[in-house]
Structure formats: structure tokens, C-alpha cells
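Please examine the sequence and the structure shown below before reading on. The report that follows is intended to be read alongside them.

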Amino acid sequence: MDCIAQCAYCRSSIVSGQRWVREKIYDSALDGRTPDYHRYHAEPLCGQQESCWEKHEMEREIARTAVYAA
Ligand SMILES: [Zn+2]
């Protein structure tokens, strides 16, 4: 199987045939205009309820809530 990319959440490979999501990241440490990309599994890995992408999204929701609560 061909490895397309590495999942930014679980750090394992995304291989051909798996669905995945690409997220555009702007790294403020650079000039803030050069986009970088994170890739995530879009389907749950075996034995798991949510995909890496969904877990990442949930973590972002939690982070956002924490900011508002501060
Ligand atoms: Zn993953």
C-alpha cells in the first residue's frame, strides 16, 4: 500500500484507499502567510468510535470553550 501522508493526530500513516482530511495551517512563527497542511484520517480506525479528524475537531472545540471561559 502506498503511504500518502502521516496523520497529524495519531502519527500513523495514511495509506491509499483510506479517506483523509486536509487542514490548512498558518504558522504564525513564520510570516503567517505561508500555509502548511495537516492531514487526518477521516474514517475511524478499527475499534474506535471517532476518526482522527473528529477527535481533532472535538479538541479544538474544547480549546475554544476554554478560551471563552478564561
Ligand atoms: Zn490518524
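The sections below describe the overall architecture, the metal site and several individual residues.

## Overall architecture

The structure is a predicted model. The protein contains one helix and four strands. Read from the N terminus, these elements follow the order β-β-β-β-α. The protein has 70 residues, and 19% of them are buried. Of the contacts with a sequence separation of 6 or more, 30% are made by residues that stand 24 or more positions apart.

The confidence of the prediction can be stated for the whole protein and for its elements. The average pLDDT of the protein is 84, and 84% of the residues reach a score of at least 70. Among the elements, the highest mean pLDDT, 92, belongs to strand β2, which covers residues 13-15. The lowest mean, 82, belongs to strand β1, which covers residues 3-6.

## The zinc site

Which residues of the protein are donors of the zinc ion? They are C7, C10, H41 and C52. The three cysteines each contribute their SG atom, while H41 contributes ND1. The distances from these donors to the zinc ion run from 2.0 to 2.4 Å. Along the sequence, the spacing of the donor residues is C-x2-C-x30-H-x10-C.

The geometry of the site is tetrahedral, with angles of 105 to 116° among the four donor atoms. For comparison, the ideal angle for four tetrahedral donors is 109.5 degrees.

The cysteine donors can also be described by their accessibility. C7 is buried because its relative accessibility is 0%, and C52 is likewise buried, at 2%. C10 has a relative accessible area of 29%, so this residue is classed as partly exposed.

## Cysteines and disulfides

How many disulfides does a search of the whole structure find? The number is zero. One further cysteine may be described here: C46 has a relative accessible area of 78% and is therefore exposed.

## Residue H56 in the helix

H56 is part of helix α1, which spans residues 52-69. Is H56 buried or exposed? H56 is buried, because its relative accessible area is 13% and the limit for a buried residue is under 20%.

When neighbours within four places in sequence are set aside, H56 is in contact with Y9, E23 and Y40. With Y40 there is also a polar contact between the two side chains, at 3.3 Å.

## Residue D36 in strand β4

D36 is found in strand β4, made up of residues 35-41. Its relative accessibility is 43%, so D36 counts as partly exposed.

Apart from neighbours within four places in sequence, D36 contacts E23, K24 and I25. E23 is thus named among the contacts of D36 and also among those of H56. D36 may be considered together with Y26 as well: the two residues are ten positions apart in sequence, and their C-alpha atoms are 6.1 Å apart in space.

## Two residues in loops

R11 is located in the loop between β1 and β2. What is notable about the phi angle of R11? The angle is near 65°, a positive value in a residue other than glycine. R11 is exposed because its relative accessibility is 57%, and the class of exposed residues begins over 50%.

Q48 is located in the loop between β4 and α1. Its relative accessible area is 37%, and Q48 is therefore partly exposed. The side chain of Q48 forms a polar contact of 2.6 Å with the side chain of K55.

Terms used:
Residues are numbered from 1 along each chain as its sequence is written. This is a predicted model: local features need pLDDT of at least 70, side-chain atom pairs count only at pLDDT 80 or more; totals for chains, interfaces and linings use all residues. Side-chain values use heavy atoms; hydrogens and water are left out. A disulfide is a pair of cysteine sulfur atoms within 2.5 Å. Buried means under 20% relative accessible area, exposed over 50%, partly exposed in between (1.4 Å probe, protein chains only). A polar contact is a pair of N or O atoms within 3.5 Å; within protein, one must be able to donate a hydrogen and the other to accept it, and residues adjacent in sequence count only if both atoms are side-chain atoms. Contact means heavy atoms within 4.5 Å. Donors are N, O and S atoms within 2.8 Å of the metal (3.2 Å for Na, K and Ca); water is not among the atoms, so sites may look incomplete. Four donors count as tetrahedral if all angles lie between 85 and 135 degrees; four count as square planar and six as octahedral if opposite donors are over 155 degrees apart and all others between 65 and 115; anything else is irregular. pLDDT is the predictor's confidence in each residue, from 0 to 100.
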